[in-house]
Amino acid sequence: MDVRILKDWKPLVSIIIPTFNRKEIIKRAIESVIKQTYENWELIVVDDGSTDDTMNYLSKSIQVWQDNIEQISGYQKSIRTIQIDHRGVSYARNFGIENSQGEWICFLDSDDEWLSEKLTCQIKFHSEHSDIEFSQTNEIWNKKGNLLSPKGKHKKMNGSYLKESLEICMVTNSSFMAKKKAWIEVGGYRNELLTCEDYDVWNRIFISGKEIGLIEKPLLIRYGGHKDQLSLRYPAMERFRLYSLLKTREEKIMSGYWDDLSNAHRTLWEDAIESRFRILIQGKEKRGKSTQSLTNLQTLFHSRKRITKLDLDPLISNEYSA
């Protein structure tokens, strides 16, 4: 009998919260985990080398949070904090996963908040759909106090939707859940991506033939408008997506997997690459900047010759001129 059909199936869920200089707002995220109705979890807060006394705040508060956790016999509820040198959000999340014990993993950004039934509903979904190893929930956007539901192209989808995912980021880190074994097989986040790391990994899930299930109920509140949001920190965001698309394509070619993909999927992927080239080149032309490095990379892509790390690294360099 599959243990997942049993009513009392409560596998350990590891929750990773990466944080950097979020002393003033991280309390909300942590307390939303403590309020979960699900009974078997560990929370790992990874401080990514904060300089605003975040780690000191966490160290002083952890005992209070631990005291607020109702321990249920046979299950685990625990909170750990780990400080690392500043390496970016991808490395922080990966570090948390490496130090986790759960069968399932979740992520929560330190400026977001879960509703209390989030883990319960998600584990129930996976118990009823044991073939699905990844999922997300619907969400509510809080924009300066105005509560909104994602509409149009931002509306959440269920299943495998590579075409839409190649256009924009269709999955939210803070509502996502994965079976740890399946997540490791996909490869996790790329440490070198300081932003768009989520866009990269969702597309790798879909190109591998997997799907991401959807729990229709909104169980996440996302808060926008912070001045330190990654999307506001790095110019020309499409360069990170171009890096991701080219890097993944090159990996699939080198592994022999690229030719196993359908013509439709290969075309979708390469069309997405061409679209990013156009956006970035047009942006540089509009600003009177040289497009030589981009056109050289585009020519290399068209030649079907191997694209190396040396070719790709300028796209994600801090020296990139937008």
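Start by selecting Ser 100: at 9% relative accessibility, this residue counts as buried, because the cut-off for buried is under 20%. Keep in mind as you click around that this is a predicted model.

**Stop 1: Ser 100 and its surroundings**

Ser 100 sits in the loop between α3 (89-98) and β4 (104-107). Now show what touches this serine. Setting aside neighbours within four places in sequence, Ser 100 is in contact with Ser 14, Glu 42, Ile 44, Arg 80, Ile 105 and Lys 180. For a sense of scale, add Glu 250 to your selection: the C-alpha atoms of Ser 100 and Glu 250 are separated by 30 Å, and the two residues are 150 residues apart along the chain.

Next, colour helix α3. How many of its 10 residues are buried? Seven are, so the helix is mostly covered. To see them, pick Val 89, Ser 90, Ala 92, Arg 93, Asn 94, Gly 96 and Ile 97, the buried residues of α3.**Stop 2: two loops around β7**

Move to Gly 145, in the loop between β6 (134-143) and β7 (146-148). Is this glycine buried or exposed? Gly 145 is exposed, with a relative accessible area of 55%. Add Gly 224 as well: the two glycines are 79 residues apart along the chain, and their C-alpha atoms are separated by 9.8 Å.

Now hop to Ser 149, in the loop between β7 and α5. Ser 149 is partly exposed, with a relative accessible area of 43%. If you select Asp 198 too, you have a pair 49 residues apart along the chain, with 20 Å between the C-alpha atoms.

**Stop 3: salt bridges**

The structure holds 19 salt bridges, and here are a few to click on. Show the side chains of Glu 133 and Lys 210, which form a salt bridge whose closest N and O atoms are 2.9 Å apart. This pair links distant parts of the chain, 77 residues apart: Glu 133 is in the loop between α4 (118-128) and β6, while Lys 210 is in the loop between α7 (197-207) and β9 (213-223). Lys 210 is partly exposed, with a relative accessible area of 30%.

Then select Lys 156 and Glu 139, whose side chains meet in a salt bridge at 3.8 Å, N to O. Lys 156 lies in the loop between β7 and α5 (162-167) and Glu 139 in strand β6, 17 residues apart, and the pair links distant parts of the chain. Both Lys 156 and Glu 139 are buried.

Another one to try is Asp 313 with Lys 309, where the closest N and O atoms are 2.6 Å apart. Asp 313 counts as partly exposed at 26% relative accessibility, whereas Lys 309 is exposed, with a relative accessible area of 55%.

Finish this stop with a group: Arg 190, Asp 200, Arg 204 and Glu 251 are linked in a network of salt bridges.

**Stop 4: α7 against α9**

Time for some helices. Two packed helices are described by the angle between their axes and the distance between the axes. Select α7 and α9: they pack at an angle of about 35 degrees, with their axes 10 Å apart. Their crossing is right-handed.

Which residues meet here? From α7, show Tyr 199, Asp 200, Asn 203, Arg 204 and Ile 207; from α9, show Arg 241, Ser 244, Leu 245, Thr 248 and Lys 252. These contact residues divide into three nonpolar, three polar and four charged.

**Stop 5: α9 against α10**

Keep α9 (residues 238-255) selected and add α10 (residues 263-286): their axes come within 9 Å and cross at roughly 150 degrees. Angles over 145 degrees count as roughly antiparallel, and α9 and α10 are therefore roughly antiparallel to each other. In this case α9 passes α10 in a left-handed crossing.

Now bring up the side chains. On α9, look for Glu 238, Arg 239, Arg 241, Leu 242, Leu 245, Leu 246, Thr 248 and Arg 249. They meet Trp 269, Glu 270, Ala 272, Ile 273, Arg 276, Phe 277, Ile 279 and Leu 280 in α10. Colour the contact by class and you get nine nonpolar, one polar and six charged residues.

Methods
Residues numbered from 1 in each chain as written. Predicted model: local features only at pLDDT ≥ 70, side-chain atom pairs only at ≥ 80, totals over all residues. Heavy atoms only, no water. Axes fitted to C-alpha atoms, helices over the stretch in contact; angles between N-to-C directions. Helix = DSSP H or I, 4+ residues; strand = E, 2+ residues; numbered from the N terminus. Parallel < 35°, antiparallel > 145°, perpendicular 65-115°, else oblique. Left-handed = near helix turned anticlockwise from the far one by under 90°. Contact = heavy atoms within 4.5 Å. Nonpolar A, V, L, I, M, F, W, Y, C, P; charged D, E, K, R; others polar. Buried < 20%, exposed > 50% of the residue type's maximum accessible area, 1.4 Å probe, protein only. Salt bridge = Lys/Arg side-chain N within 4 Å of Asp/Glu carboxyl O.
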